Amino acid sequence: MKHFKRRTALAAVLCALQPWQAARAQAGWKPEHPIRLIVPFAPGAATDISARTISDHLAATLGQPVVIDNQGAASGTVGTAAAAHAAPDGCTWVLAHDPPFTILPHVRRLGYDPLKDFEPVALIATIPMVLVVRPGLPVNSIQELIDAARARPGQMTIASSGTGATSHLAAELFKYETQTNILHVPYKGQAQGVTDVLGGQVDMIFSSFGPVVQHIRSGRLKALGISVPKRYASLPEVPTIAESGVPGFDFSVWTGIAVPAGTPQAARDAIAAAVAKSLQVPEVRTRFDGLGFVPGDGGPQALRRKIEGDYAKWKRVIQAARIQIE
């Protein structure tokens, strides 16, 4: 009789637990402590902004704070290496970005393998670039620019925010694809390069939209082409470089969330779902649009394609163009 009562009591407890267990199963994985999102660049960079724009929404969905940990050194490789060696428990993420994942592995030894040491989780945004030229340069299209550069090899100039920066790599890809010889002029930041193009000291620069869009609309800079295959909605009159005589040209800055290899699938699925949800928030989309960011779909496959595709592309370009990045 006593055993029967104990079994009855146990059954009652199990029945009481069933709704809680069902709710837990439906909720899926939840982080057990605050999330550290390593951003391997300095605060204020476009990559940092993309992370901070969605971090509060991610925290609200996952139930833990998302703490931004800026580790801006060695072109992003220091912070990326730290993430690669973190515990794969779902609570350490890295903001995946082009240089440390797809470019720098081809020019220096790193403390990680971007294809083996990480799991892609979610694509946050792609950031198209626009090729702008000084108003006095007598070219009005990409094809006219190519013709002028071929007629004056080594005499035309293109600014960048520094050797190895995305604006420099966009320039090198353009030179490689068009077989032109344009002199690279590195600066210590995008703003300085744009200022000297405005002043006529340098002929052109690849830039994200934020620093140049008002100058394009005012006529102080001429926009010749967008760096991605699809026209940018806020500047629909500017053709893509691909449709302007350089078929297949595709260059964009992108950011995403990656986690150390070995992170459980349930954690990766929950993080991806949280990113996708945050990218649908109206204020996030408004903020991204103002910065020239194109929201990703939040899924792992889009980020995996970016990493693997760009890794192969930059290996080919860097070897052919003999690009040196210190």
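Select Gly296. This residue is buried, with a relative accessible area of 16%, which is under the 20% cut-off. The model you are looking at is predicted. Gly296 sits in the loop between β10 (294–295) and α11 (300–321).

Now add Ile124 to the selection. Ile124 and Gly296 are 172 residues apart along the chain, yet their C-alpha atoms are separated by 4.8 Å. Show the other contacts too. Beyond its neighbours within four places in sequence, Gly296 is in contact with Leu123, Ile124, Ala125 and Leu279.

**Next stop: strand β4 and its partner**

Select residues 118–133, which form strand β4, and then β7. The two strands run antiparallel, and five bridges join them. Zoom in on Val133. Its bridge partner in β7 is Met204.

Keep Met204 on screen and add strand β5, residues 157–160. β5 and β7 pair in the parallel sense, over two bridges. Here Ile158 has Met204 as its bridge partner in β7.

How many of the five residues of β7 are buried? Color residues 204–208 by accessibility to check. Four of them are buried, so the strand is largely enclosed by the rest of the structure.

**Into the core**

Select Phe174 and Phe206. These are the residues with the most contacts inside the largest nonpolar core, which has 64 residues. β4 supplies the largest share of this core, eight residues. Apart from this core lies another one, of 19 residues. Val130, Ala159, Ile205 and Phe209 are among its members.

Go back to Phe174 and show its surroundings. Setting aside residues up to four places away in sequence, Phe174 touches Leu131, Ile142, Leu145, Ile146, Thr180, Ile182, Phe206, Ile241, Val246 and Phe249.

**Helix packing around α2**

Select helix α2, residues 46–62, together with α9. Their axes are 9 Å apart and pack at an angle of about 125°. The two helices are therefore oblique to each other. The crossing of α2 past α9 is right-handed. For the interface, show Ile54, His57, Leu58, Thr61 and Leu62 on α2. They meet Ala270, Ala274, Val275, Lys277 and Ser278 on α9.

Swap α9 for helix α10, residues 282–291. How is this helix oriented to α2, roughly parallel or roughly antiparallel? The packing angle is about 175°, with the axes 10 Å apart. α2 and α10 are therefore roughly antiparallel to each other. On the α2 side, pick Ile49, Ser50, Thr53, Ile54 and His57. On the α10 side, pick Glu283, Val284, Arg287, Phe288 and Leu291.

**A buried arginine**

Return to α9, residues 265–278, and select Arg268. Is this residue buried or exposed? Arg268 is buried, because its relative accessible area of 17% falls under the 20% cut-off. Leaving out neighbours within four places in sequence, its contacts are Glu119, Val121, Val259 and Thr263.

**Zoom out**

Show the whole chain. There are 11 helices and 10 strands. Its C-alpha atoms fill a box of roughly 100 × 40 × 30 Å, taken along the principal axes. Of the 326 residues in the chain, 51% are buried. Finally, draw the contacts between residues at least 6 apart in sequence. Among these, 78% join residues at least 24 apart.

Conventions:
Residues are numbered from 1 along each chain as its sequence is written. This is a predicted model: local features need pLDDT of at least 70, side-chain atom pairs count only at pLDDT 80 or more; totals for chains, interfaces and linings use all residues. Side-chain values use heavy atoms; hydrogens and water are left out. Helices (H or I, at least four residues) and strands (E, at least two) are DSSP runs, numbered from the N terminus. Buried means under 20% relative accessible area, exposed over 50%, partly exposed in between (1.4 Å probe, protein chains only). Contact means heavy atoms within 4.5 Å. Two strands pair if DSSP finds at least two bridges between them. A nonpolar core is a set of buried Ala, Val, Leu, Ile, Met, Phe, Trp, Tyr and Cys residues joined through side-chain atoms within 4.5 Å. Axes are lines fitted to C-alpha atoms, for helices over the stretch in contact, and angles run from 0 to 180 degrees between N-to-C directions. Angles under 35 degrees count as roughly parallel, over 145 as roughly antiparallel, 65 to 115 as roughly perpendicular and the rest as oblique. A crossing is left-handed if the near helix is turned anticlockwise from the far one by less than a right angle, and right-handed if clockwise.
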